[in-house]
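Me: I would like to work through this model with some care, taking one question at a time and asking for the reasoning behind each answer.

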Amino acid sequence: MNSIGGISSYTSITAGESALSGAKLSSEKGKFEELVRSLSRNEGTGSNLSSSQVVQEGRLNGDYKTGFAGSFNSTSDKNALPVGAAANQANPHVQQRTIDKTSKLYEKSLEMESYIVKMMISSMRKTVIKAQDSGYAQKMYEDMLFDEYTTAMTKNAGFGLADQMYLQLSAEA
């Protein structure tokens with residue numbers, strides 16, 4: 001095997017593609033290691049990270065689903081009245097409580113409500129008889145579509161389940 005300057009004669013056959021891909025991989029690995037080092041030193045909290053490097057807490061990189069973060073950010077959302085079933089209090093002597101819709105607890109309550117609505121919709125979908133069998137990709141994208149429907153329903157329908165969870169959990173905290 002001939003080698004000139006540490007490079008084998010195979011490079012002339014592949015036109016240097018393996019060396020190029022190895023250099024790219026090494027460069028990416030170096031960038032990733034530097035990012036991990038900066039985050040472990042708590043330097044990564046600020047303007048030195050791009051949005052593609054930061055993943056929202058509790059989500060996976062590449063997560064396709066719309067979330068609830070940032071859904072409520074006006075000043076009126078800090079002292080909102082409950083809606084849906086949470087607004088219907090049977091005892092008139094109970095003082096009406098408000099909900100901070102900008103809090104993490106409310107966001108997680110919305111995610112739980114969304115999960116319950118998703119289970120309900122999934123059960124409904126199983127009762128529908130389809131004319132033809134669908135492929136794997138169609139099933140996957142249909143499921144993604146119904147995830148988005150669930151999120152939109154949770155944000156806009158006013159079921160009140162998230163409000164009830166928030167009121168119960170904030171009273172215990």
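Reply: One definition comes first: a residue counts as buried when its relative accessible area is under 20%, as exposed when that area is over 50%, and as partly exposed in between. Please also keep in mind that this is a predicted model.

Me: With that cut-off in hand, is Thr-154 buried or exposed?
Reply: Thr-154 lies in helix 4, which covers residues 136-156. Its relative accessible area is 5%, and the limit for a buried residue is under 20%. Because 5% falls under that limit, Thr-154 is buried.

Me: Which residues does Thr-154 touch, not counting residues up to four places away in sequence?
Reply: Within helix 4, where Thr-154 lies, a polar atom of the Thr-154 side chain is 2.8 Å from the backbone oxygen of Thr-150. Thr-150 is, however, four places away in sequence and is left out of the list asked for. Once such neighbours are set aside, the residues that Thr-154 touches are Phe-68, Leu-110, Glu-113, Ser-114 and Val-117.

Me: Met-153 is also found in helix 4; is Met-153 buried, exposed or partly exposed?
Reply: Leaving aside neighbours within four places in sequence, Met-153 is in contact with Val-117, Ile-121, Gly-158 and Phe-159, and the C-alpha atoms of Met-153 and Val-117, 36 residues apart along the chain, are separated by 8.2 Å. The relative accessibility of Met-153 is 31%, and the range in between runs from the 20% limit to the 50% limit. Because 31% lies in that range, Met-153 counts as partly exposed.

Me: Lys-118 lies in helix 3; which residues does Lys-118 touch, beyond those up to four places away in sequence?
Reply: Lys-118 has a relative accessibility of 18% and therefore counts as buried, since the cut-off is under 20%. Not counting residues up to four places away in sequence, the residues touched by Lys-118 are Asp-143, Asp-147 and Thr-150.

Me: Which helix gives the most to the largest nonpolar core?
Reply: This core has nine residues, namely Phe-68, Phe-72, Ala-86, Ile-99, Tyr-106, Leu-110, Ala-162, Tyr-166 and Leu-167. The elements that give two or more residues to this core are helix 3 (104-126) and helix 5 (161-172). With three residues, the element that gives the most to this core is helix 5.

Me: Asp-163 has its place in helix 5; which residues is Asp-163 in contact with, leaving aside neighbours within four places in sequence?
Reply: Asp-163 is buried, with a relative accessible area of 1%, and the C-alpha atoms of Asp-163 and Ala-85, 78 residues apart along the chain, are separated by 8.4 Å. From the side of Ala-86, the contacts outside its neighbours within four places are Gly-160, Asp-163, Gln-164 and Leu-167. From the side of Asp-163, they are Pro-82, Val-83, Ala-86, Ile-99 and Tyr-106.

Me: Where does Thr-75 lie, and is Thr-75 buried or exposed?
Reply: Thr-75 lies in the loop between helix 2 (17-40) and helix 3, and the C-alpha atoms of Thr-75 and Lys-101, 26 residues apart along the chain, are separated by 9.8 Å. The relative accessible area of Thr-75 is 73%, and the limit for an exposed residue is over 50%. Because 73% is over that limit, Thr-75 is exposed.

Me: Which helix supplies the largest share of the lining of the second largest pocket?
Reply: The second largest pocket, with a volume of about 170 Å³, is lined by Arg-125, Lys-126, Val-128, Lys-130, Ser-134, Lys-139, Glu-142 and Phe-146. By class, this lining has two nonpolar, one polar and five charged residues. Helix 3 and helix 4 each supply at least two residues of the lining, and the largest share, three residues, comes from helix 4.

Me: In what order do the elements of the protein chain run from the N terminus on?
Reply: The secondary structure of the chain comes to five helices and two strands. From the N terminus on, the order of these elements is β-β-α-α-α-α-α.

Terms used
Residues numbered from 1 in each chain as written. Predicted model: local features only at pLDDT ≥ 70, side-chain atom pairs only at ≥ 80, totals over all residues. Heavy atoms only, no water. Helix = DSSP H or I, 4+ residues; strand = E, 2+ residues; numbered from the N terminus. Buried < 20%, exposed > 50% of the residue type's maximum accessible area, 1.4 Å probe, protein only. Polar contact = N/O pair within 3.5 Å; in protein donor to acceptor, adjacent residues only side chain to side chain. Contact = heavy atoms within 4.5 Å. Core = buried A, V, L, I, M, F, W, Y, C linked by side-chain atoms within 4.5 Å. 1 Å grid on protein atoms, 1.4 Å probe; cavity = no way out; pocket = protein on both sides within 12 Å on 5 of 7 lines; lining within 4 Å. Points joined across faces, edges and corners; volume = space filled by probe spheres on them. Nonpolar A, V, L, I, M, F, W, Y, C, P; charged D, E, K, R; others polar.
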